Structures are given as C-alpha cells and as structure tokens.
Amino acid sequence: MHRFGRRPLILLLCLLALPWSSALAQSRCTERARTLLRPAEVSCTHQTAWIDSGVVGQRRVTYQLPVGTPPARGWPVVLLYQGSFFPLDDFHYADSDPFGGFHEGKLVQRLLDHGYAVVAPAAPADLFWQTNLPGLSSTYELGTDYDFLGNLFDAIAAGTFGPLDPLRRYATGISSGGYNTSRMAVSFPGEFRALAVQSGSYATCGGPMCTVPDVLPADHPPTLFLHGFIDPVVPWWTMNAYYGRLQAQGIETALYTESLGAHAWFASSPARIVAWFDAHP
C-alpha cells in the first residue's frame, strides 16, 4: 500500500522534469481547455502605451515582449492590426469569438513563444483603419493613421516598447487590418521585412471594390496571403489580383487558400505566419 501510494508522486516528478514543462512555464500566455460551461481560451499578459495621432489626440497601443534575454539588436517585432470593430486591447481570446478570433490569440501566443515582440495599435476609435476609406485612400498622408503610425515607428526606434530590432519589423492583420498591412508597403517604404495579409487585399481596395495598380512599389516586402475561398466580405479574387501582380513583378509572395474558409483567421494561420516571418530574418 505504501509503495503504491508513492507512484503518483513519482509520476508527477517525472512529468515536471520533461522539457516541455519548463517551456510552458516561460510563456507569456496561458490556455484553458473547453468545458461544458465555458469555451476554450487563450490569454497573454500585456502592457499598454499611448501614442499621439495628431489632431485627435493619443491612441492606445497594446504590446508584449517575449520572456528571456533579447538578442543583441533587440527582439524582432510584429505589428498586429485589428479587424473592423474588434480592438486588440487585452490579448484575451475565446473559441466563441467571431471571425476565428481564437486563432488570432494563438498567433499572439506563437509569436511571443518564438521570440517576437507583438505590438497592436488601435484603429481610430477602435473601429477600422483609414487606408481604404473613400476620400482618404488617395490622400492617406492627410489622415490621422499616417501621423499615428509614423509616431509609433519612431517610438519603437526610441525604445518606448523595450529593446526591439529596428531592422526586423513585420506586419499582419485581418480584414481592415489586412488592408492596413498592405498599406505598410505603399506608404511606409523600407520599414518592414515581410507582411502577412489575412482575409484582405491591396491597401486601397474594399470588399468587391478593388483595383490593384499596374505597378506596385519595387521595394514591396515579401508578402504572404491567407484567404478563404468562399469569403463573402473580401472576395478571394480581389486578393488573387494583388498576389498575381506581385508575382508578375518578381516580388516574393506566397498564397494559402482555405478551400472552405470564409472571412476569418484559420487554425493554420499562426504557424504559417510565424514560418513566413522566420524565413525573412
């Protein structure tokens, strides 16, 4: 009886000694499995800063750094742009969230666990980005997003968010945030190593209203597209026109189509995006 009673303790000690247990302990994020009473959840700790956006005052920036000692040049950093009406203000997600929001949380988790800082700036009033708004899409530099993001990049370089590598900046986002990810190539040349556009298209497109310029910037960063083939909000063909134009110009690009996917993050999005960024150090 005494020997049998020791077995659970010995087993527990062996499990605690496994390599993955220490790795989990080093994560900024925690997960809760689905139960009968509550959805599965992923939650990452976060910090908050406020950055000036011109005439409308300051906007919130939610961010977090990986655990551990940063590389000599600082952590590589990913700008994560919200979709319309879904602010990224606390890095907490549930599998009941719309538009695959839980997988966005898994993306934040995977980025942090793989050594990327995550910086999530707020769109105006937490609504949507100005990149493709009528009247502003062609005069983008007059809008507050342009001022805000320029100030944000300056703050990153100045160390406001901690030690971040000025040469390894990446951007991703869904829907309005996907269009805004494209905007990084159009209005902020030289700032980003690579982009990943989820359920979005070219910076000035909007839903089925989409014209991709005949000539894209020659220094357009390598860009990964992830899109649902039956997306009813941002039609697949609008993204494909952008993808095809990059191919025609010899600019590095890749495409993942979720054959039955709609307008959402996918379960495979986190791994695909992190692998894309890893491939462009």
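In this predicted model, the largest nonpolar core is built from 30 residues, and L80, L111, I273 and F277 have the most contacts inside it. Several elements give two or more residues to this core: strand 2 (41-44), strand 5, helix 3 (101-113), strand 7 (117-121), strand 8 (164-174), strand 9 (194-198), strand 10 (223-228) and helix 7 (269-278). Helix 3 supplies the largest share of the core, with five residues. The surroundings of L111 give a handy view of the packing: leaving aside residues up to four places away in sequence, L111 touches V78, Y116, V118, V274 and F277. F277 is thus a contact of L111 and is also listed with L111 among the residues with the most contacts inside the core. A separate core of 28 residues lies apart from the largest one, and its members include A117, Y140, F148 and L195.

Attention now turns to the cysteines. The model holds two disulfides, and when the bonded cysteines of the chain are numbered in sequence order, the pairing reads 1-2, 3-4. One of the disulfides joins C29 to C44, with 2.0 Å between the sulfur atoms. The torsion about its S-S bond is about 105°, so the disulfide of C29 and C44 is right-handed. Because C29 sits in strand 1 (residues 29-32) and C44 in strand 2, this pair ties together parts that are 15 residues apart in sequence. Both C29 and C44 are buried. Strand 2, where C44 is found, is also one of the elements that give two or more residues to the largest core.

The other link is made by C205 and C210, whose sulfur atoms are 2.1 Å apart. This link is right-handed as well, with 60° about the S-S bond. C205 has a relative accessible area of 0% and is therefore buried. C210 has a relative accessibility of 18%, so C210 counts as buried too; the cut-off for this class is under 20%.

On the outside of the model, F85, F86, F99 and L127 form a nonpolar surface patch, and together these residues have about 390 Å² of accessible area. F85 belongs to the loop between strand 5 (75-81) and strand 6 (92-94). Its relative accessibility is 53%, so F85 counts as exposed, given that the class begins over 50%. Strand 5, which precedes this loop, is itself among the elements that give two or more residues to the largest core.

Note on methods:
Residues are numbered from 1 along each chain as its sequence is written. This is a predicted model: local features need pLDDT of at least 70, side-chain atom pairs count only at pLDDT 80 or more; totals for chains, interfaces and linings use all residues. Side-chain values use heavy atoms; hydrogens and water are left out. Patches are made of residues with over 30% relative accessible area and no salt bridge: like charges are joined within 9 Å, nonpolar side chains (Val, Leu, Ile, Met, Phe, Trp, Tyr) within 5 Å. Accessible areas come from the Shrake-Rupley method with a 1.4 Å probe; for residues, only the protein chains shown count as cover. A salt bridge is a side-chain nitrogen of Lys or Arg within 4 Å of a carboxyl oxygen of Asp or Glu. Helices (H or I, at least four residues) and strands (E, at least two) are DSSP runs, numbered from the N terminus. Buried means under 20% relative accessible area, exposed over 50%, partly exposed in between (1.4 Å probe, protein chains only). A nonpolar core is a set of buried Ala, Val, Leu, Ile, Met, Phe, Trp, Tyr and Cys residues joined through side-chain atoms within 4.5 Å. Contact means heavy atoms within 4.5 Å. A disulfide is a pair of cysteine sulfur atoms within 2.5 Å.
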